[in-house]
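Q: Please take a close look at one part of this model and set out, step by step, what surrounds it. A connected account would help me more than a list.

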Amino acid sequence: MRPSMRITRARLKRTSALLAAALLGACSMAPKYVQPDSPVPQSWPDGEAYRDTVSAEPRPLTYAEVFADPALQGLIAQALENNRNLRVAAANIAAARAQVKVTRANQFPALATTASATHQETGGGFGLNGWSYALRAGVSNFELDLFGRLKNATAAQVNTALSTEAAARTVQLGLIADIAQGWATYAADRELLRIAEDTARIAGESVRLTRARLEGGIAARSELRQAQQVLETARSDLAAQKTALAQDVNALRLLVGADFDESALPGSITRVNAALAEVPASADTTILLSRPDVLEAEYSLRAANANIGVARAQLFPTISLSALTGFAAQSLSGLFDEASRSTSYGGSGEWSIFNAGGRSANVGVAKAQRDAALAAYEGAIQTAFRETADALADQGTIAERLNAATNFTEVSADNARLVEATYRQGMASSLENLDAQRSLYAARQAEVGMRLARAVNRITLYRVLGGEWVSQPRPDEATN
C-alpha cells in the first residue's frame with residue numbers, strides 16, 4: 001500500500017477517542033423504573049366456594065400434561081404449525097425485532113464513502129476547466145448521546161418488541177385453550193345428539209302406543225297430541241345437534257388452520273374429562289404477574305417510562321461530530337498523491353431556544369402515556385385476578401354440582417321406567433308418562449352440560465393461570 005494512502009496512527013487514535021467519548025458519555029434522563037405494587041390481594045378469596053382449590057407447591061404444566069389425549073395433542077401441534085393468527089403474531093415479532101436493530105443503529109457511527117467525477121467548462125477560458133475527481137470516507141453528523149435520547153429510544157423499542165412477543169404468547173395460549181374447548185364442545189354435542197336420538201325413538205314408540213289406545217277408545221286425542229309434541233321436540237333437537245356438530249368441526253378446522261382427521265374426534269364428554277389433568281393454583285397471587293398478557297402490559301409500561309427520557313433529552317442541546325478523510329485531484333492519475341489528500345474534523349451543536357413550549361409539552365405527553373400504561377398494567381392484573389378467582393370458585397363447587405346432576409339423571413331414569421311400566425298397565429295417565437319422559441330428557445341434557453362445564457373449567461384454569469409461560473423469567477431492570 002502506498003504511504004500516501006495510509007491513515008496515520010495519530011489520526012486513528014484521535015478518531016477512536018471521539019467515538020469512545022460518544023459511546024460512553026451518555027447519561028439517561030428517564031426516571032428510574034420501579035416495579036408497581038400489585039393492586040390485588042396476595043391470596044385468593046376465601047369462602048365455601050373456594051374449598052380445596054389451591055396448592056401449596058404448584059408447578060407450571062405444559063399443555064401436553066394438562067391435555068393428555070394423544071389425538072388432542074396432535075391437533076394442538078398441528079395448529080401451532082398452521083394457525084394463521086400465530087403466523088401474524090410471528091411476523092409481528094420479526095418486525096419488532098428488526099425495528100430494535102433500526103433504532104439501536106442510531107447509537108453508533110455510520111461510516112460512508114463517496115466518490116465523484118465532475119467535468120467543468122467556463123466561457124472565456126476563465127477558471128479551472130476539465131475533469132476533477134474526489135474520493136472521501138468517514139463519519140458525518142454522528143450525534144453524541146450525551147443525554148441518553150438514543151439510548152432511551154432503543155430501550156423503549158426493546159421493551160416494545162418484548163411486549164409484542166408476550167402478546168404472541170397470549171395468542172398461542174388462547175389458541176391451545178380454544179382448541180381444547182372446541183374438542184370438549186364437540187364431545188358434548190355428540191352425546192347430546194345421542195340423547196336426542198334416544199328421546200326421538202322413545203317418543204315415537206309413545207306416539208304409536210297412544211295412537212293405538214286412542215283407536216281402542218281408552219285415550220283422548222289430547223294425549224296423542226302431547227306425545228307428538230315430545231316427538232317433534234326431539235326431532236328438532238336432533239336436527240339442531242347435527243348442525244352443531246358440523247359447526248364444531250368448522251370451528252376446529254379454522255383454529256387448526258388445515259384439514260384434519262375427523263375420526264379422531266372424541267365420542268363422549270366422559271372421555272374428555274378423563275384426559276384432562278387438574279391445574280393447581282398457588283396460594284400466592286404473584287403467579288399472575290407472569291401471565292403473558294400481564295407481561296405485555298408491563299413491557300409497554302417500561303417502554304413508556306423510557307420514552308420520558310427521550311422527551312426530556314430533547315430539551316437539551318444536540319451535538320454532532322464529523323470526521324472525513326479523502327483525496328481530490330484534477331486528474332485520475334494524481335488522485336492518490338500526497339498533495340491530493342485532505343482530512344477534516346468538526347462538530348456542530350444545536351439547541352432550540354424557543355419553540356412555543358412544544359418540547360416541554362412532549363415531556364407532558366410522555367408522562368401521561370406512562371400513567372396510562374401504568375393504569376393498563378394494573379388493570380391487566382386485576383382482570384387476571386378476577387378471571388382466576390372466578391375459575392377457582394367454579395372449580396370449588398363443580399364436583400358437587402356434577403354429582404347432583406348425575407344423581408338427578410339416575411332418579412329421573414328410574415322414575416321414567418316406573419311410570420312407563422304403570423302406563424302400559426293402564427295404571428298411569430299419558431300425561432304422567434310424558435312428564436316423566438320430558439324430565440329424563442332435560443336431566444340427561446343437564447348432566448352433559450355439567451360434564452362440559454367441568455372440562456371447560458380445567459381448560460379455563462390452564463388459560464387464566466398462564467399455562468407453561470408462568471415459568472418464564474421475569475423482566476429485570478436491564479431491559480429498561
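A: Two residues are taken to be in contact when they have heavy atoms within 4.5 Å of each other. On that basis, among the contacts in the chain with a separation of 6 or more, 85% join residues 24 or more positions apart. The model is predicted, so local features need pLDDT of at least 70 and side-chain atom pairs count only at pLDDT 80 or more, while totals for chains, interfaces and linings use all residues. Residues are numbered from 1 along each chain as its sequence is written, and side-chain values use heavy atoms, with hydrogens and water left out.

The part chosen here is helix α5, and the chain as a whole gives it its setting. Helices (H or I, at least four residues) and strands (E, at least two) are DSSP runs numbered from the N terminus; the chain has 10 helices and four strands, in the order α-α-α-α-β-β-α-α-α-α-β-β-α-α. Of its 480 residues, 40% are buried, where buried means under 20% relative accessible area, exposed means over 50% and partly exposed lies in between, with a 1.4 Å probe and protein chains only.

Helix α5 covers residues 149–215, and its axis comes within 9 Å of the axis of α4 (residues 84–105), the two crossing at roughly 170 degrees. These axes are lines fitted to C-alpha atoms, for helices over the stretch in contact, and the angles run from 0 to 180 degrees between N-to-C directions. The crossing therefore makes α4 roughly antiparallel to α5, since angles over 145 degrees count as roughly antiparallel, those under 35 as roughly parallel, those from 65 to 115 as roughly perpendicular and the rest as oblique. On the α5 side the residues that meet α4 include A153, Q157, A161, T164, A168 and L175, and on the α4 side they include L86, A89, I93, A96 and V100. By class, this contact has 11 nonpolar, eight polar and three charged residues, with Ala, Val, Leu, Ile, Met, Phe, Trp, Tyr, Cys and Pro counted as nonpolar, Asp, Glu, Lys and Arg as charged, and the others, Gly among them, as polar.

L175, one of the α5 residues that meet α4, is also in contact with N83, which sits in the loop between α3 and α4. N83 counts as buried because its relative accessibility is 5%, and, leaving aside neighbours within four places in sequence, its other contacts are L254, L255, V256 and G257.

L255 also touches I179, which, with neighbours within four places again set aside, is in contact with L72, L75, I76, A79 and L252 as well. I179 is one of the residues that touch the most other members of the largest nonpolar core, a group of 67 residues in which F67, I269, V272 and Y462 stand alongside I179 in this respect. Such a core is a set of buried Ala, Val, Leu, Ile, Met, Phe, Trp, Tyr and Cys residues joined through side-chain atoms within 4.5 Å. Its largest share, 15 residues, comes from α5.

Further along α5 lies E191, which counts as buried because its relative accessibility is 14%. Not counting residues up to four places away in sequence, E191 touches G267, S268, I269, T270 and V448, and its C-alpha atom is 8.7 Å from that of Q445, although the two are 254 residues apart in sequence.

Q445 is also touched by D237, together with A196 and Y441, again with residues up to four places away not counted. D237 is found in helix α6 and is partly exposed, because its relative accessible area is 24%; its C-alpha atom lies 8.7 Å from that of L192, 45 residues away along the chain. Also in α6 is A244, buried because its relative accessibility is 16%, with its C-alpha atom 8.2 Å from that of Y186, 58 residues away along the chain. Q228, likewise found in α6, counts as buried at 18% relative accessibility and, with neighbours within four places set aside, is in contact with V207 and R211. Q228 and S206 are 22 residues apart in sequence, with their C-alpha atoms 8.4 Å apart.
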